[in-house]
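This report looks at one residue and its surroundings, and then at a sheet and the helices beside it. The structure is shown first.

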Amino acid sequence: MSEDKFSCILEAKHSVPPNVTPEQFKKMYKESIENPDKFWLEQAKKYFEFYKEGDKICDCDAEEGRVKWFSGYYTNTCNNVLDRHLEVRGDCNALIWEGNEPDTHESFTYRQLHQHVCKMANVLKKMGVKKGDRVCLYMPMRPEAVFAILACYRIGAIHVNVYSSLSVEALIVRLQESGSSIVLTADEDVSGRKRDALKEKVNAALKECPDVRHTLVFHYTGLEYESLESDVVYDDIVKEVDDVCECEPMECNEPIFCIFSSGSTSKPKGIVHTAAFALYVALVIHLQQDLHSSSPDNPHNDISWCMGNIGWIASPAYGVLGPLANGACTLLYEGDLMYPTPSRVWDIVDKHKVTAVFTQPTLLRMQRALGEKWIAHTSRESLRTLVLGGEPMSETLWRWVYEVICRDGMAVPHHIWGQSEAAYLCVITGVCRLKAGGVIPFLGMEPVLVDDAGCEIEGEGTGTLLLKKIWPGCVVGCWGNEEAYMDAYWRKYPGYYFTGDSASRDKEGLYTIIGRVDDVIKTGYAHRIGTTEVENTIVSHPAVAEVAAVGCPHPIMGRGLYLFVRLFPKVSPSEAIKKQFSDLLEKKIGHIAKPSAVQWVSGLPKTLSGKMMRRICRNIANGSSDYGDISGLANPEIIPLLVKDRIVVGEEDEEDEDE
């Protein structure tokens with residue numbers, strides 16, 4: 001398939017009819033923008049059971065940063081995603097857990113999940129957890145993590161998810177900022193061949209967190225640890241409680257969870273969401289993943305697998321709330337996605353007949369680099385949708401995913417744009433053409449592009465991405481920091497939600513995310529270059545494994561283009577390859593994109609969730625040693641290596657003249 005053909009229209013060949021036609025979606029979208037009260041109340045009545053109805057559906061004001069939905073309405077998120085299904089699909093699978101080792105798995109029906117959740121809720125209540133208390137989950141990817149999330153919803157507590165691989169220092173920040181009163185953790189986390197003594201890290205963190213009253217410990221591997229007076233062992237206390245626990249009615253604008261941003265752009269903020277978020281992701285996943293409910297009369301039991309860790313926003317959204325709200329089954333995987341071989345993810349898809357997968361382009365880039373032999377022996381016949389999000393992706397990778405992973409359209413590759421704070425711009429089966437990186441606004445979202453003067457751009461164009469309408473998936477606050485909330489999202493462009501991203505829009509209305517606004521490089525003569533466009537061009541070179549493009553000081557132009565490039569193994573850096581980069585960029589973008597420096601690297605700084613910390617690359621290229629918060633960095637050892645080989649633009653030219 002040629003690139004030209006690929007850039008235009010791709011055909012989806014899966015046989016299951018989508019949940020919505022283009023005409024239906026267009027009608028739904030129009031109503032969600034023009035009559036949000038009527039539209040969202042109708043959707044809520046499909047997914048929510050209200051204990052009490054209120055007086056206002058949408059009480060939002062972008063000028064004031066006020067995000068309130070269903071004011072005065074009372075519901076319970078656990079009831080909406082779990083209890084509501086018991087009568088019809090109590091004996092259908094709700095959760096499948098796949099262990100680190102390929103021969104380990106366990107499944108739970110809706111009825112069994114309900115029993116475990118009620119017991120967990122009663123354990124928390126016995127430990128003194130009350131409505132409004134923050135409960136920190138520093139947990140492995142085990143079923144008890146899902147039990148705990150749903151138990152918090154059930155009793156009105158606020159779960160604070162922290163990725164289990166984050167450092168002690170990062171855990172301290174999140175415990176202190178959230179004011180958590182209890183931590184749930186395990187003796188040890190096992191992922192692939194890596195073992196992480198979680199309880200030891202919690203013990204170290206608690207020395208700086210006097211507000212934490214108890215630690216609830218799950219024994220998984222038998223690793224010995226130092227017991228504290230405040231410790232409670234789950235296996236002991238769960239014997240003392242029963243499996244009946246009533247749901248706590250919650251006003252719809254009370255927080256249900258707090259999750260900290262990854263810190264890829266600045267200091268982590270405690271992002272707060274309410275019940276409306278659960279409604280929004282339920283509808284997103286129903287339409288995007290073409291998800292169907294299971295029942296005794298309907299043997300079609302869709303299984304949705306979010307590969308994101310429970311500590312990141314994608315997992316509560318795509319891994320818990322979305323599938324369960326739709327009466328489907330969700331899959332939770334404990335281990336490393338490349339363990340014991342790179343084919344593990346597709347082996348799991350075949351083993352459990354997974355119908356929808358959410359993952360990041362990072363994983364697929366790794367698999368592409370290793371070759372198709374790890375994929376060829378798997379069938380992936382059950383897979384209908386493959387959702388890709390968390391970062392932009394190149395057309396080269398998109399084409400490979402479509403042709404190899406999705407078997408030339410037998411499954412449908414979707415792309416989404418989202419943030420911890422905002423869900424989601426996305427592609428939906430059958431609604432729009434499939435385009436590498438292209439997304440459309442989901443229901444209730446009204447994106448706009450503005451130029452440097454803050455004026456809206458009509459039609460095709462490139463600019464800063466803002467959101468005009470406030471939708472149910474929008475962040476409602478930053479925990480304990482109203483000023484940070486207002487400064488980050490509402491004050492820069494009054495009347496709009498500021499995404500922090502730049503984007504382009506084509507003639508058909510599809511948006512392509514270019515990158516963070518801070519990463520748009522203004523070179524000499526005020527030329528603007530998007531890092532994503534540059535990176536997609538360079539990574540199309542067959543020698544390139546990955547690249548980070550940033551701006552740097554330039555003695556003549558003021559700002560230049562600086563490339564950090566990691567080549568594939570067995571490829572040696574050369575001036576010839578540098579010249580090919582320049583030629584590619586000139587052909588794809590123009591002469592304004594000629595790189596001022598190319599630094600060969602062995603790796604790039606990335607968060608534990610796989611996102612590139614371009615901020616660190618940018619600071620290194622600019623000669624700054626202030627890297628900001630790096631508590632979420634997976635490979636801090638890469639920083640001194642990048643600093644050591646930094647190129648100062650202009651110095652090489654002077655040396656050449658001396659010679």
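## Asp231 and its surroundings

In this predicted model, Asp231 is found in strand β12, which spans residues 231-233. The relative accessible area of Asp231 is 15%, and because this value falls under the 20% cut-off, the residue counts as buried.

The side chain of Asp231 is joined to that of Lys199 by a polar contact of 2.9 Å. When neighbours within four places in sequence are left aside, Lys199 is also listed among the residues in contact with Asp231, together with Thr215, Val217, Tyr225 and Glu226.

## The annotated C-terminal span

An unreviewed UniProt entry carries the annotation "domain: AMP-binding enzyme C-terminal" for residues 533-611. In the model, the end C-alpha atoms of residues 533-611 lie 17 Å apart, and the span is 27% helix and 32% strand.

## A three-stranded sheet and its helices

Strands β30, β31 and β32 form an open sheet in that order, with mixed pairing. Because β30 (544-554) and β32 (597-600) each have a single partner strand, they stand at the edges, and one side of each is left without a neighbour in the sheet. On average, neighbouring strands of this sheet are turned by 25° against each other, direction ignored.

Strand β31, covering residues 558-567, pairs with β32 in the parallel sense over four bridges, and Phe564 stands opposite Gln599 in β32. Helix α18 (residues 531-539) lies across β30 and β31 and runs at about 135° to β30, while helix α20 (residues 614-621), which also lies across β30 and β31, runs at about 45° to β30.

Conventions. Residues numbered from 1 in each chain as written. Predicted model: local features only at pLDDT ≥ 70, side-chain atom pairs only at ≥ 80, totals over all residues. Heavy atoms only, no water. Helix = DSSP H or I, 4+ residues; strand = E, 2+ residues; numbered from the N terminus. Buried < 20%, exposed > 50% of the residue type's maximum accessible area, 1.4 Å probe, protein only. Polar contact = N/O pair within 3.5 Å; in protein donor to acceptor, adjacent residues only side chain to side chain. Contact = heavy atoms within 4.5 Å. UniProt positions renumbered as here; feature names shortened; annotations may be inferred. Pairing = 2+ DSSP bridges. Axes fitted to C-alpha atoms, helices over the stretch in contact; angles between N-to-C directions.
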